[in-house]
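This report goes through one structure, from its contacts with DNA to its sheets and backbone details. The sequence and the coordinates come before the text.

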2 protein chains.
Amino acid sequence: MMDLKKHKRSTARDVATEASVSIATVSRWLNGSIKLPEVTAERIRRAVILLRYEPNLHARRLSLGRTDTLALVVPDIADPFFALLAGSVEASAESLGFGIVLCATLNRPTREVDYIGRVYRNHVDGLLFATNHPDDGTLLAAMQGQSNVVLLDEDVQGVKAPKVFCDNHGGGREATTHLIAAGHRRIAFVGGVEGVMSAVERCEGYAAALNAANIPFDPALTDYGGYTAEQGRSAARRLLRLPEPPTAIFASSDQIAIGVLEELRDASLSVPGDISIVAYDDVAPFRFFSPALTAIRQPVADMGRRGVERLVDHFTNTSTDITEERLPVHLIQRGSVAPPARSSRLSRLIKARSK
Amino acid sequence: MMDLKKHKRSTARDVATEASVSIATVSRWLNGSIKLPEVTAERIRRAVILLRYEPNLHARRLSLGRTDTLALVVPDIADPFFALLAGSVEASAESLGFGIVLCATLNRPTREVDYIGRVYRNHVDGLLFATNHPDDGTLLAAMQGQSNVVLLDEDVQGVKAPKVFCDNHGGGREATTHLIAAGHRRIAFVGGVEGVMSAVERCEGYAAALNAANIPFDPALTDYGGYTAEQGRSAARRLLRLPEPPTAIFASSDQIAIGVLEELRDASLSVPGDISIVAYDDVAPFRFFSPALTAIRQPVADMGRRGVERLVDHFTNTSTDITEERLPVHLIQRGSVAPPARSSRLSRLIKARSK
DNA sequence: ACCTTTTAGTAAACTGGTTTACTAAAGCGC
DNA sequence: GCGCTTTAGTAAACCAGTTTACTAAAAGGT
C-alpha cells in the first residue's frame, strides 16, 4: 500500500509488489501473453487501478524497439493541400493505433534527409513522405535501403518503396480535353516544378489531349516554376505578352490558379469571358470564387488513407508490395470555362487594357 | 574495429570499445558534460564516425525523462485555420529543438482527454491545446495539475495555464463598427459555438459597438451553432426569414462566412448590394471571392509562435507566468461591405426572390 | 620531498519495461 | 504412488543510454 499524494508515477514494480507477484507476471499479463487464474488477475487489476499505473512508454519503446508512431513529411503544412492530406493521414493512423509526428521541410533537402534519418534512428516506425521538388540524388541516397517509407503524391526517382500517387496523366488530359471541347485551341499549361513527376505527367496528358485534337504542341505555351501563386502570376504575365496569347490556361495547382487569377485581374481581363481557366487539386473553396473555378479534383484524403494502410501493411506483414498505386481524379465543372473570345480580339484587348 | 555490412546499429558501448574508453566517458563527452584531452576526444570522434553512431533516442528519453517533443492538439488539421496554426507551431518548435506530434480531436472530449494524458505519461514534454467546443468540466479536470500545457486560441474555463488568445472583443467591435460606419443598423452576429469564450467575447464587442452607436441589441439577430459552413447556412436562412431581416452579417469565422455566402447565393441576394458581410479569421483566400470578403484577420501564425515560446519557457525556466496574452486583430477591407439597401426594399426583395 | 589540487577517467546504479529460460507445484492417468 | 503434462509464476538478461560517486595519476605550490 503506498501513498500517492504527490503522485510520482508508479511502475510495474510497484504493481507487482502491491499484487504480490513478480514484475514479469505483471508485464506478461498486461500484454496478454499469459493467462492467470482469476484471483491473481484480480489482484493485478486492482493494483493497477489503485496505483494509477500507466506503463512508461519510453521504457516500452526501448525494450520493444518500436514506437507505434509514424512520421508525416510534407513541404508545408500550412498549405491547404498538405493540411488535408495530414488530416486524413492522422485519422487513418489513429484508427490503426499509430501516432503521427509532423515534419515540415519547406522543401529543404537537409531537413528531408534529416527526417528520413529518424526512421533509421527508430524515432518512428515508418515514414509517409511527400515532397514537391526534384531530387538531385540526395533523397534517393537517403532512402536507399530504408524499408519503411511510403511515397505520397510525388515521386522520388529510383526509390523502391510503396507509392500512392494520383492519375496525373489522366488529369492533364481531362482538363485539356475539356478546354478543347469548349472550343479552345491555344491552351497554356502552367505546370509546377519543372522535371518533377506530377508536372511531367500532367504535361504529357495535356500534350496527348492536344494531339488527339490535332492541335500542335507549342512549347511557348508551357511554363514551369513551382506550385505557388507567384508562379501563376509570372506565368500569366509572360503568356499575356505573347504575340498570340492563349485563350485558356490550365493551371497545375490551386495556388497557381490563384496567381493566374490575380494577374488576369490586374490586366482587367475577365474569366471566362476573355480567358478560360482550369485549376488542379480543388482544395481551395473555388465554388465561391468569381467565377467559380472549374478544376481537376485530386482525391487527397484517399491518398493519405491509402498511404497509411500500405505503410502499416508493409512493416507488419513485411509485405514486399512496392507497387505504384494510382488514384483517379475528376473534373469538377464550374464557371471558369467558356468558348474562347476570338483570339485576335483578345490580343487587341490585352494591348488596349495594358496601356 | 568492426564490420558494418548489414549495419545493425552501433551503441555507445561499441564506440567506447572502439575508442578504448568507458561508456560513461563516451556519453559524458558527447553531451558536453566533461572535457577531455584532444587525443582522447579525437579517438571518440573517429569511433563515432567510423561506427556511424547515433544515440538511441528511446534509451535517452527513458534515462532523461524527457522527449524534446511537444504535442499539438487541434480539432481538425484539415481546417485551414488550424493548418496555419500547425505550420507556425511546427516551425517554432523545430527552431527550438522540439518535434511536434499531431493530435486531431474532431472535438471529441475522449480524445482530448486522452491526449492530455500523454503529457503525464511522458509521451511528450508539453502540450499546445486548441479546442473549439465548450468544456463541461472534463477538460478542466484533465488539465488540473498538468503543468506543461498552453492554451491556444480558445479558453477552457478555470484552467490555470499560460494562454495565448486573440483580441476577440476588439475584433467583434471593429467588425461591427465598420458596418455601422457604412450605415447599417440591423446587423446580425453569427457566432460560433455558443458559450465558448471566443464567441462570447466577440458578441460582447459586437454589443459594445452597437451600444456606442445607440443601436439596440436584438437577440433575434444573433445566432450560434459552430464555426462551420453549415452553421453559416442555417443562420442565414433563419435571418432572412425574419420579419425585418438584417442588412449586414458579421460572420464569426471563414467557414461561417462561406456558408452565409452559399445561402445568400441560393436566395439570389447579392453581396454587398443586398447584404453586407464581414468575416473572421481571414485564412481563406477571400481576396478572390466574389465579392472579395472584408474580414477581421487573426494573427494565427503569431499565436502559434508565441504559444511554443511560452510553453518551452514554462518548463525550462519553470516560470510561473500563467498570464493570458492577447494578440491584436486587424480589419482587412475588401469588397463585401456597402451602404445598406433600404430595409423595406430588402424585405420585399427577399419575399419576391424566395418565391 | 611532501601535500594539495586538478585532470582523466571509470564502475556501477539507474531509467522501466519485455522476454526467455526455467522451476515448483498441481492435475491426471493407470 | 509413479511418471508425465499442465499450470502458475519467477529470476535474470536485455534494450541503450545517463549520472553519481569514486580512484589513480599528474600537476602545482612551497
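How many nonpolar, polar and charged residues does the surface near DNA strand C have? By class, that surface has 14 nonpolar, ten polar and four charged residues. The model is a predicted one.

**DNA surfaces**

There are 28 residues around DNA strand C, and those that come nearest are A:A12, A:A24, A:S27, A:A59 and B:S22. At least two residues of this surface are supplied by each of helix 2 and helix 4 of chain A and helix 2 and helix 4 of chain B.

DNA strand D is also surrounded by 28 residues, of which A:S22, B:A12, B:A24, B:S27 and B:A59 are the closest. The elements giving two or more residues here are helix 2 (23-30) and helix 4 of chain A, with helix 2 (23-30) and helix 4 (57-64) of chain B. The residues near DNA strand D divide into 14 nonpolar, ten polar and four charged.

**Contact between the chains**

Chain A and chain B each bring 32 residues to their contact. On the side of chain A, two or more residues come from each of helix 4 (57-64), helix 5 (80-95), strand 2 (99-104) and helix 11 (254-266). Helix 5 of chain A gives the largest share of that side, seven residues. The side of chain A that touches chain B has 20 nonpolar, seven polar and five charged residues.

Strand 2 of chain A and strand 2 (residues 99-104) of chain B run antiparallel and are joined by three bridges. Within this pairing, A:I100 stands opposite B:L102.

**Sheets**

The pairing of the two copies of strand 2 is part of an open sheet of twelve strands with mixed pairing, in the order 11(A)-5(A)-4(A)-3(A)-1(A)-2(A)-2(B)-1(B)-3(B)-4(B)-5(B)-11(B). Strand 11 (324-327) of chain A and strand 11 (324-327) of chain B each have a single partner strand, so one side of each is left without a neighbour in the sheet. From one strand to the next, the twist averages 20 degrees.

Chain B also has an open sheet of six strands, with the order 7-6-8-9-10-12 and mixed pairing. Its edge strands, strand 7 (222-223) and strand 12 (330-332) of chain B, each pair on one side only. Helix 8 (residues 168-181) of chain B packs on this sheet and touches strand 6 (187-190), strand 8, strand 9, strand 10 (294-297) and strand 12 of chain B. The direction of helix 8 makes about 160 degrees with that of strand 9 of chain B.

Three strand pairings are set out below, each with one pair of residues that stand opposite each other.

| Strands | Sense | Bridges | Opposite residues |
|---|---|---|---|
| strand 2 of chain A, strand 2 of chain B | antiparallel | three | A:I100, B:L102 |
| strand 3 (126-129), strand 4 (149-152) of chain B | parallel | three | B:L127, B:V149 |
| strand 8 (248-251), strand 9 (276-281) of chain B | parallel | three | B:F250, B:V278 |

**Helix packing**

Helix 8 of chain B and helix 9 (residues 197-212) of chain B have axes 7 Å apart and pack at an angle of about 40 degrees. These two helices of chain B are therefore oblique to each other, and their crossing is right-handed. Residues in the contact include B:G170, B:R173 and B:T177 of helix 8 and B:E201, B:G205 and B:A208 of helix 9. By class, the contact of helix 8 with helix 9 has six nonpolar, nine polar and four charged residues.

In chain A, the axes of helix 1 (residues 12-19) and helix 2 come within 8 Å and cross at roughly 105 degrees. Helix 1 and helix 2 of chain A are therefore roughly perpendicular to each other. A:A12, A:R13, A:V15, A:A16 and A:A19 of helix 1 meet A:I23, A:T25, A:V26 and A:S27 of helix 2. Six nonpolar, two polar and one charged residue make up this contact.

**Backbone details**

Most residues other than glycine have a negative phi, and most peptide bonds are trans. The peptide bond joining A:V271 and A:P272 is cis, with omega about 0 degrees. A:P272 is placed in the loop between helix 11 and strand 9 (276-281) of chain A. In chain B, the bond from B:V271 to B:P272 is cis, with omega near 0 degrees, and B:P272 lies in the loop between helix 11 (254-266) and strand 9 of chain B. A:N107, a residue other than glycine, has a positive phi near 65 degrees. The loop between strand 2 and helix 6 (109-120) of chain A holds A:N107.

Terms used: Residues numbered from 1 in each chain as written. Chains lettered and ligands numbered in written order. Predicted model: local features only at pLDDT ≥ 70, side-chain atom pairs only at ≥ 80, totals over all residues. Contact = placed C-beta atoms within 7 Å. Helix = DSSP H or I, 4+ residues; strand = E, 2+ residues; numbered from the N terminus. Nonpolar A, V, L, I, M, F, W, Y, C, P; charged D, E, K, R; others polar. Pairing = 2+ DSSP bridges. Near = placed C-beta within 6 Å. Axes fitted to C-alpha atoms, helices over the stretch in contact; angles between N-to-C directions. Parallel < 35°, antiparallel > 145°, perpendicular 65-115°, else oblique. Left-handed = near helix turned anticlockwise from the far one by under 90°.
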